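Subject: Handing over the model

Hi,

Here is the structure to go with my notes. Could you keep it open while you read what turned up?

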Amino acid sequence: MDSVEAGNLVIAAQRDKLVFEIRGQGSTVVPLEDLPEIVAFLTACNAAGRNRRTGLRLCLDDIDPGALADLTAQVESAEGQWLPVRLVDLSIAGVHIDSPGFAGDYGDQVKVRLGWRGNEVELPAVLVRRAQAGGTTAIRFTDVFDADGDLDPPPALRYLVEELELLWLAQRLSSAARPS
């Protein structure tokens with residue numbers, strides 16, 4: 001392959017260089033020794049486009065259940081009742097819950113209430129995925145971004161997530177320090 005086209009961009013391979021041309025705008029020459037850096041950049045951009053997550057997704061099954069005794073999670077049903085749910089994972093932008101008794105459909109607006117060691121936060125959210133079997137549901141918080149699209153979660157949510165991240169990390173470091 002001597003060249004590739006994407007929209008009005010043409011990338012042409014020549015003996016010891018690549019020529020990037022934007023039709024009608026001009027071109028630039030890139031030496032082949034710069035190619036690994038360009039490939040790394042394109043790979044990172046591609047991966048970022050596939051990663052829809054904001055923040056670390058914390059798998060709560062990786063934390064000792066006894067350490068999570070103070071963690072509470074509830075989702076408001078369509079009837080206005082708060083149903084206890086088990087958190088599978090948590091991020092600053094949403095939760096994945098396991099609750100066979102919770103009935104909700106894609107796009108439903110709900111509220112999620114999370115509690116940790118006496119601190120509680122209630123968040124408006126939307127259902128973004130529901131498993132056919134197993135009763136798991138992915139829920140995205142709707143008020144964690146400001147008008148410019150920047151992450152701006154309520155302080156109580158930030159505290160809860162940071163505390164659980166620290167707990168997860170402490171347990172991982174502790175288990176890694178134990179001789180096998």
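Leucine 35 counts as partly exposed because its relative accessibility is 31% (buried is under 20% relative accessible area, exposed is over 50%, and partly exposed lies in between, with a 1.4 Å probe and protein chains only). Before I go on: this is a predicted model, where local features need pLDDT of at least 70 and side-chain atom pairs count only at pLDDT 80 or more, while totals for chains, interfaces and linings use all residues. Residues are numbered from 1 along each chain as its sequence is written, and side-chain values use heavy atoms, with hydrogens and water left out.

Back to leucine 35: this residue belongs to helix H1, residues 35-50 (helices are DSSP runs of H or I with at least four residues, strands are E runs of at least two, and both are numbered from the N terminus). Together with Leu32 and Val39, Leu35 makes up a nonpolar surface patch of about 200 Å² accessible area. Patch members have over 30% relative accessible area and no salt bridge; nonpolar side chains (Val, Leu, Ile, Met, Phe, Trp, Tyr) are joined within 5 Å, like charges within 9 Å. Areas are Shrake-Rupley values with a 1.4 Å probe, and for residues only the protein chains shown count as cover.

On the overall layout, there are two helices and twelve strands, and along the sequence they run β-β-β-β-α-β-β-β-β-β-β-β-β-α. The protein has 180 residues, 28% of them buried. Its exposed surface comes to about 11,500 Å², with 52% supplied by carbon and sulfur atoms.

Now the sheet. Eight strands make an open, antiparallel sheet ordered E5-E8-E9-E12-E11-E10-E6-E7; two strands count as paired if DSSP finds at least two bridges between them. E5 (58-59) and E7 (82-84) sit at the edges, each pairing on one side only. E9 is a good place to look: four of its five residues are buried. On one side, E9 pairs antiparallel with E8 over five bridges, and the two form a hairpin with two residues between them. Within that pairing, arginine 86 has aspartate 98 as its bridge partner. E9 is also joined to E12 by five antiparallel bridges: histidine 96 partners alanine 138, and valine 95 stands opposite isoleucine 139.

That isoleucine takes us inside. Ile139 is among the residues with the most contacts in the largest nonpolar core, which has 32 residues; Leu60, Leu114, Phe141, Leu157 and Leu164 are the others. A core here is a set of buried Ala, Val, Leu, Ile, Met, Phe, Trp, Tyr and Cys residues joined through side-chain atoms within 4.5 Å. H2 gives the core its largest share, five residues. Leucine 157 touches Ile92, Leu114, Val121, Leu123, Phe141 and Val144, not counting neighbours within four places in sequence (contact means heavy atoms within 4.5 Å).

Which charged pairs turn up? The whole structure holds seven salt bridges, each being a Lys or Arg side-chain nitrogen within 4 Å of an Asp or Glu carboxyl oxygen. Three of them in detail:

- Glutamate 5 and arginine 23 meet at 2.3 Å, N to O. They are 18 residues apart, with glutamate 5 in E1 and arginine 23 in the loop between E3 and E4. Glutamate 5 is exposed at 52%, and arginine 23 partly exposed at 37%.
- Arginine 57 and aspartate 89 meet at 3.6 Å, N to O. This pair spans 32 residues, from the loop between H1 and E5 to strand E8. Arginine 57 counts as partly exposed at 40%, whereas aspartate 89 is buried at 10%.
- Arginine 113 and glutamate 120 have their closest N and O atoms 3.8 Å apart. Arginine 113 is buried at 18%, while glutamate 120 is exposed at 53%.

Beyond these, Asp61, Arg86 and Asp98 are joined into one network by salt bridges that share partners.

Cheers
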